[in-house]
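Work through the three exercises below with the sequence and the model open side by side. Each task is followed by a solution that proceeds step by step.

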Amino acid sequence: MTQHQRLLIIDFGSQVTQLIARRLRELNIYCEIHPFNRVDDAFLKAFAPRAVILSGGPASVFAEGAPMPPGGVFDLGVPILGICYGQQVMMHLLGGKVERGKGTAEFGRAYVTPSDARLPLLDGWFAEGREQVWMSHGDHVSEIAPGFAVYGTSPNAPYAITADPARRFYAVQFHPEVHHTPKGAKLYENFVRLAGFTGDWTMGAYREDAIARIRAQVGDKKVICALSGGVDSSVAAILIHEAIGDQLTCVFVDHGLMRLGESEQVVGMFRDHYNLSLIHADESDLFLNRLEGVGDPETKRKIIGGLFIEVFDKHAKAIGGADFLAQGTLYPDVIESVSFSGGPSATIKSHHNVGGLPARMKMQLVEPLRELFKDEVRALGRELGLPESFIRRHPFPGPGLAIRCPGAVSRDKLDILRQADAVYLDQIRKHGLYDDIWQAFVAILPVRTVGVMGDSRTYDYACSLRAVTSVDGMTADYYPFSHEFLGETATRIINEVQGINRVMYDVTSKPPGTIEME
């Protein structure tokens with residue numbers, strides 16, 4: 001297996017750390033995010049990074065127990081880039097000084113002007129004399145560490161860009177990973193070039209490595225794969241099948257929470273086009289009965305996750321036993337499900353396919369996509385020969401329509417939701433917008449409203465339309481439909497779907513919201 005050049009991102013709790021990884025993956029650089037409290041000198045030695053990035057974060061270096069990297073990070077002899085809090089940590093630990101705000105805080109757009117000295121990290125910057133950046137800091141560097149020089153300043157950050165070129169240590173007070181820093185990608189490109197990266201992270205190479213890892217892990221044993229029909233689980237299934245052939249059995253769990261006609265489409269596609277062993281497990285009654293009356297979103301997710309495990313365990317026994325359970329877990333799932341602090345408070349939400357297996361199950365996990373972002377999975381799907389129409393399908397969550405039905409789930413509400421969702425997606429396709437949107441869906445709200453239809457009073461459900469643009473699902477913004485589109489779509493839903501008399505459009509971005517309703 002190929003040993004890729006690796007970059008380590010030490011996370012101090014920034015809300016945009018994941019964007020650093022996205023910037024680097026776009027440059028074909030393999031990187032991993034690890035919380036500061038899980039990185040020690042032994043980890044550094046084992047990981048052997050070619051470069052390190054210290055992320056931003058909400059803490060102050062003065063606070064008791066402030067997040068810090070291991071002392072050995074500065075002795076690795078590799079380039080290091082500190083971002084915002086990461087810059088303050090570098091100065092604090094290397095002999096500089098950091099002070100509390102006192103009127104020097106900066107939040108939002110700012111402009112950095114260069115010093116007279118040239119720095120290769122900034123190649124392509126300052127062609128017009130200054131660059132727009134995005135700041136988010138209260139504390140500030142008041143004295144740089146020995147060996148460092150100043151290469152850029154902003155009105156409230158006299159040390160906005162500093163560096164010790166001899167040791168290849170670089171530090172910036174702003175966030176180059178966000179789109180509000182227009183030339184941030186160029187800064188990362190320069191950094192990895194200075195670190196000697198060749199950009200060896202490609203899906204062709206990943207495919208070969210993943211197949212080799214699957215074969216080494218599985219040997220001659222059996223694998224059962226959780227197939228949802230979405231892009232993630234489907235790419236995982238085809239990749240594993242390429243690695244081990246008929247040792248793989250796929251189980252499509254029909255939990256009664258699929259979109260209109262989706263179960264039939266999934267089963268038909270895999271039985272007709274792929275030579276896979278497929279079990280269609282219609283377990284809708286099991287799931288819907290267990291979910292009846294449950295309104296808390298985390299409880300719903302946990303019930304669904306637990307039932308998935310029960311179903312797979314049952315079907316593994318039916319085929320004579322399986323030693324491995326395969327899932328389409330992605331890197332964002334892993335990031336969102338792991339608390340930065342190691343405790344429960346920072347977990348955003350539980351993912352039904354993250355967190356291991358119950359001890360009673362004598363199966364190990366096979367997760368060949370665990371290192372990938374969504375767009376990388378799509379690139380791998382193309383590498384595996386999946387049709388483009390399938391690869392570009394919008395994401396669909398494992399818990400299905402249960403998390404698009406806030407409050408208690410019922411069969412009647414699910415039927416209404418399926419019909420409304422079908423009308424909405426039909427509208428999007430008819431207007432040629434499907435490929436412009438990352439994800440679109442209807443949520444049926446836990447309220448009923450008064451309406452008038454045909455001179456009669458109605459008392460039906462309200463629904464919310466959601467459509468977002470994104471690259472990988474880690475951040476997202478709402479899609480700017482025209483008022484004509486929204487009006488036409490609302491009219492169709494109300495006219496064609498019995499049980500809905502009011503339609504709204506959700507314009508919340510991520511953050512502060514999540515893409516799904518629950």
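For sorting residues by class, Ala, Val, Leu, Ile, Met, Phe, Trp, Tyr, Cys and Pro are taken as nonpolar, Asp, Glu, Lys and Arg as charged, and the others, Gly among them, as polar. The model examined here is a predicted one.

**Exercise 1. The second largest cavity**

Determine which residues line the second largest cavity, and how the lining divides by class.

Solution. Begin with the inventory, which comes to two cavities of 30 Å³ or more; the second largest cavity holds about 40 Å³ of space. Next, list the lining of this second largest cavity, which is made up of Gln87, His140, Val141, Ala157, Pro158, Tyr159 and Gln173. Then assign these residues to secondary structure: β8 (140-143) and β10 (157-164) each contribute at least two of them, and β10, with three residues, provides the largest share. Finally, apply the classes, by which the lining has four nonpolar residues, three polar residues and no charged ones.

**Exercise 2. Helix α6**

Decide whether helix α6 is largely enclosed by the rest of the structure or largely open, and compare its reach with the expected span.

Solution. First take the geometry: α6, residues 231-244, has 14 residues and extends 20 Å from its first C-alpha to its last, close to the 20 Å expected at 1.5 Å a residue. Then turn to burial, for which the cut-off is a relative accessible area under 20%. Of the 14 residues of α6, 12 are buried, and the helix is therefore largely enclosed by the rest of the structure. The buried residues include Asp232, Ser233 and Ser234 as well as Val235, Ile238 and Leu239. To finish, look just past the end of α6, where Gly245 adopts a positive phi of about 60°.

**Exercise 3. Strand β18 and its partners**

Establish which strands pair with β18, in what sense, and over how many bridges.

Solution. Start with the strand itself: because 10 of the 14 residues of β18 (residues 456-469) are buried, this strand is largely enclosed by the rest of the structure. Now take each partner in turn. Strand β17 (residues 439-453) pairs with β18 in the antiparallel sense over 12 bridges, and Gln439 has Val468 in β18 as its bridge partner. Strand β20 (residues 500-505) pairs with β18 in the parallel sense over five bridges, with Tyr461 standing opposite Ile500 in β20. Strand β19 (residues 477-478) pairs with β18 in the antiparallel sense over two bridges, and here Thr469 has Asp477 in β19 as its bridge partner.

Notes: Residues are numbered from 1 along each chain as its sequence is written. This is a predicted model: local features need pLDDT of at least 70, side-chain atom pairs count only at pLDDT 80 or more; totals for chains, interfaces and linings use all residues. Side-chain values use heavy atoms; hydrogens and water are left out. On a 1 Å grid over the protein atoms alone, a cavity is a set of points where a 1.4 Å probe fits but cannot get out, and a pocket is an open set with protein on both sides within 12 Å along at least five of seven lines; lining residues have an atom within 4 Å of a point. Grid points are joined across faces, edges and corners, and a volume is the space filled by probe spheres set on the points. Helices (H or I, at least four residues) and strands (E, at least two) are DSSP runs, numbered from the N terminus. The expected span of a helix is 1.5 Å times one less than its number of residues. Buried means under 20% relative accessible area, exposed over 50%, partly exposed in between (1.4 Å probe, protein chains only). Two strands pair if DSSP finds at least two bridges between them.
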